[in-house]
Amino acid sequence: MIQIEIDEGSGFCFGVTTAIKKAEEELAQGTTLYCLGDIVHNGRECDRLREMGLVTINHDDLRQLHDVKVLLRAHGEPPETYELARQNNIEIIDATCPVVLQLQKRIKKQFEAGGGQIVIFGKKGHAEVLGLVGQTKSTAIVIENFDEVAKLDFTRDIYLYSQTTKSLDEFHRIIDYIQAHISPEATFKSFDTICRSVANRIPNISSFAAKHDLILFVCGRKSSNGKVLYNECLHVNPNSHLIEDPEEIDPAWLSDIRTVGICGATSTPRWLMEQCRDAVLQMDV
């Protein structure tokens, strides 16, 4: 009989939990609710909320809407979105994660102070990063990884921030490089804005992955933090597989396996990990 453990540290983070709760509360009232972008980077959870009545839209759709309710997900939005909502008499249900909201305010304050380069360590085009860049009227420089740090102008002041779900280790490597190359006449300040509820999952999930013969990492393939966490599992345990739902589990993976660990990203619902557990149990009959 295969032993299965679901990682207690996996599943929705605080920001995602709050956004989904707000959506469920609004939908329970029977009113039409729109969500700007996927509420969470997990297709199965998006399907569940769609069945409850949530309508996912993009920014082009938003421009055509008037006199409706629109939920802003945990990733946050740039100021232009709020202005458009005001013009179109759209009621905003703001589910921006408090950690992201605080980061937006810090970047906006630095931008308004003027001078220097505002640099954001993050994924280009990611919803959270677009919201952060929007605080600077699109003047912030986004670097996706350590290899891009060399393109900065080290003769000018640099103010470095990070997308909340990026790697803490890589962020520190970038800091070390800038400190080693910045001109003595220029100012460099870094602000550790990585969310600890995500960053702390890396060592925890590493320990979890090492305990089991097989790891099933349940995650939507759009999830940025999911990719980071899955790669950590893979590094510790090469017998790790990223799956979006139970249908992707290959029974051949279970051959000669004694223990299975099931874990996921901050966008992975607990109920989906439980479905994967149940699927494995049925295969092991």
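1. Let's start with the surroundings of His 41 in this predicted model. Setting aside neighbours within four places in sequence, His 41 touches Arg 73, His 75, His 126, Gly 220, Lys 222, Ser 223 and Ser 267. Two of these partners, His 75 and His 126, are themselves histidines.

2. Where does His 41 sit along the chain? You will find His 41 in the loop that runs between strand 2 (33-36) and helix 2 (43-52).

3. Is His 41 buried or exposed? Its relative accessible area is 16%, and the cut-off for a buried residue is under 20%, so His 41 counts as buried. Across the whole protein, buried residues account for 52% of the 285.

4. Now to the fold as a whole. The protein has eleven helices and twelve strands. Its radius of gyration is 21 Å, close to the 19 Å from the globule rule for 285 residues, so the protein is as compact as a globular protein of that length. The C-alpha trace spans about 65 × 50 × 25 Å along its principal axes.

5. The contact pattern is worth a look too. Of the contacts between residues at least 6 apart in sequence, 71% join residues that are at least 24 apart.

6. Finally, the surface and the charges. About 13500 Å² of the protein is exposed, with carbon and sulfur atoms supplying 49% of that area. The protein carries 30 positive and 41 negative charges, and the mean positions of these two sets are 5 Å apart.

Note on methods:
Residues numbered from 1 in each chain as written. Predicted model: local features only at pLDDT ≥ 70, side-chain atom pairs only at ≥ 80, totals over all residues. Heavy atoms only, no water. Helix = DSSP H or I, 4+ residues; strand = E, 2+ residues; numbered from the N terminus. Rg over C-alpha atoms; globule rule 2.2 N^0.38 Å. Buried < 20%, exposed > 50% of the residue type's maximum accessible area, 1.4 Å probe, protein only. Contact = heavy atoms within 4.5 Å. Areas by Shrake-Rupley, 256 points an atom, 1.4 Å probe, with all protein chains shown as cover. Lys, Arg positive; Asp, Glu negative; His and termini not counted. Charge placed at Lys NZ, Arg CZ, Asp CG, Glu CD.
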